[in-house]
Amino acid sequence: MRERLDRTDLKIIGLLQKDGRMPSSEISKKTGVSEATVRYRLKKLIDGEFIQIVAAGNPIKLGFGIAANIGLYIDRLQIDDIIEALKKLERLSYIAQMTSDPTIELETFVESIEDLHQLLSKIENIKGIQRIETTFIRRIIRERYDWGTPAHISVFEENANRTDNRKGE
């Protein structure tokens, strides 16, 4: 069962999406809960893999000259083994299983064509991969991390609180 997030968790996530360096003391003031509670909630959110707190750099400005998307057409009976092999390739920043072909989408940022060639050679050698399509990202128009949280979570939490409050009456 998936752990539920409450309104406080959602507020913390929203604040960090706007400013990932916001100190716990400021989050505490803006959410109305103690700093200790904020630290506890942050640990829970990070350990539960709801959020990551990282410095999101611009790969092109950092010197990665090539940004590429890689689509994999695979033998679907071997998908679990293929995914496990892909997870071992550190150069892949994004791995996603899709609902249609290509079955797996990857993203990578590399310094040179030679680096991309070496990565693709490793991918080609994974058993069960039938075809690879590589496209280059010409430029990144928008890359955002402040998409918020799903509205249904807070609505669900409000309804649960109403039910809990009625039980106490």
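In this predicted model, arginine 131 touches Gly71, Leu72 and Tyr73, once residues up to four places away in sequence are set aside. Arginine 131 belongs to strand β4, which covers residues 129-136. The separation along the chain is wide for one of these partners: arginine 131 and leucine 72 are 59 residues apart, yet their C-alpha atoms are separated by 6.0 Å. With tyrosine 73 there is a further detail, as arginine 131 lies over the face of the tyrosine ring, at 3.9 Å from its centre. Even so, arginine 131 is not shut away from solvent; its relative accessibility is 43%, so it counts as partly exposed, a class that runs between 20% and 50%. As for rings paired with rings, a search of the whole structure comes up with zero aromatic pairs.

Tyrosine 73 also has a link to the loop between β2 and β3, where serine 100 sits. Serine 100 and tyrosine 73 are 27 residues apart in sequence, and their C-alpha atoms are 9.5 Å apart in space. Serine 100 has a relative accessible area of 41%, which makes it partly exposed. The loop between β2 (92-97) and β3 (104-110) is also the place of proline 102. The peptide bond leading into this proline from aspartate 101 is cis, and its omega is near -5°.

Stepping back to the whole chain, the secondary structure comes to six helices and four strands. Read from the N terminus, the order is α-α-α-β-α-β-β-α-β-α. The chain has 169 residues, and 32% of them are buried. Its accessible surface is about 12,100 Å², with 48% of that belonging to carbon and sulfur atoms. Of the contacts between residues at least 6 apart in sequence, 64% join residues at least 24 apart.

Two buried residues show what such contacts look like at the level of single side chains. One is leucine 116, which is found in helix α5 (residues 113-124). Its relative accessible area is 3%, and leucine 116 is therefore buried, the limit being under 20%. Leaving out neighbours within four places in sequence, leucine 116 is in contact with Ile66, Ala68, Thr108, Val110, Thr134 and Phe136. Alanine 68 is 48 residues away from leucine 116 along the chain, with 8.5 Å between the two C-alpha atoms.

The other is isoleucine 82, in helix α4 (residues 79-87). Isoleucine 82 has 0% relative accessibility and so counts as buried. With neighbours within four places in sequence again left out, isoleucine 82 is in contact with Ile74, Asp75, Ile104, Ile126, Lys127, Gly128 and Ile129. From isoleucine 82 to isoleucine 129 is 47 residues in sequence but 7.6 Å in space, C-alpha to C-alpha.

Over at the N-terminal end of the element order, the chain starts with three helices. Two packed helices are described by the angle between their axes and the distance between the axes. For helix α1 (residues 7-18) and α3, the axes come within 10 Å and cross at roughly 80°. That crossing makes α1 roughly perpendicular to α3. On the α1 side of the pair, Thr8, Asp9, Ile12, Ile13 and Leu16 take part, and they meet Val38, Arg41, Leu42, Lys44 and Leu45 in α3.

Helix α3 (residues 35-47) also packs against helix α2 (residues 24-31), with axes that come within 8 Å and cross at roughly 105°. An angle from 65 to 115 degrees counts as roughly perpendicular, so α2 and α3 fall in that class. Here Ser24, Ser25, Ile27, Ser28 and Thr31 in α2 meet Glu35, Val38, Arg39 and Leu42 in α3. Val38 and Leu42 of α3 appear in the meeting with α1 and again in the meeting with α2.

Past α3 comes the loop that leads to β1 (66-74), and glutamate 49 is found there. Glutamate 49 has a positive phi of about 60°, although it is not a glycine. With a relative accessible area of 73%, glutamate 49 is exposed.

Conventions
Residues are numbered from 1 along each chain as its sequence is written. This is a predicted model: local features need pLDDT of at least 70, side-chain atom pairs count only at pLDDT 80 or more; totals for chains, interfaces and linings use all residues. Side-chain values use heavy atoms; hydrogens and water are left out. Helices (H or I, at least four residues) and strands (E, at least two) are DSSP runs, numbered from the N terminus. Buried means under 20% relative accessible area, exposed over 50%, partly exposed in between (1.4 Å probe, protein chains only). Contact means heavy atoms within 4.5 Å. Accessible areas come from the Shrake-Rupley method with a 1.4 Å probe; for residues, only the protein chains shown count as cover. Rings of Phe, Tyr and Trp (its six-membered ring) pair if their centres lie within 6.5 Å; planes under 30 degrees apart count as stacked, over 60 as edge-to-face and the rest as tilted. A charge sits over a ring if NZ of Lys or CZ of Arg is within 6 Å of the ring centre and within 35 degrees of the ring normal. Axes are lines fitted to C-alpha atoms, for helices over the stretch in contact, and angles run from 0 to 180 degrees between N-to-C directions. Angles under 35 degrees count as roughly parallel, over 145 as roughly antiparallel, 65 to 115 as roughly perpendicular and the rest as oblique.
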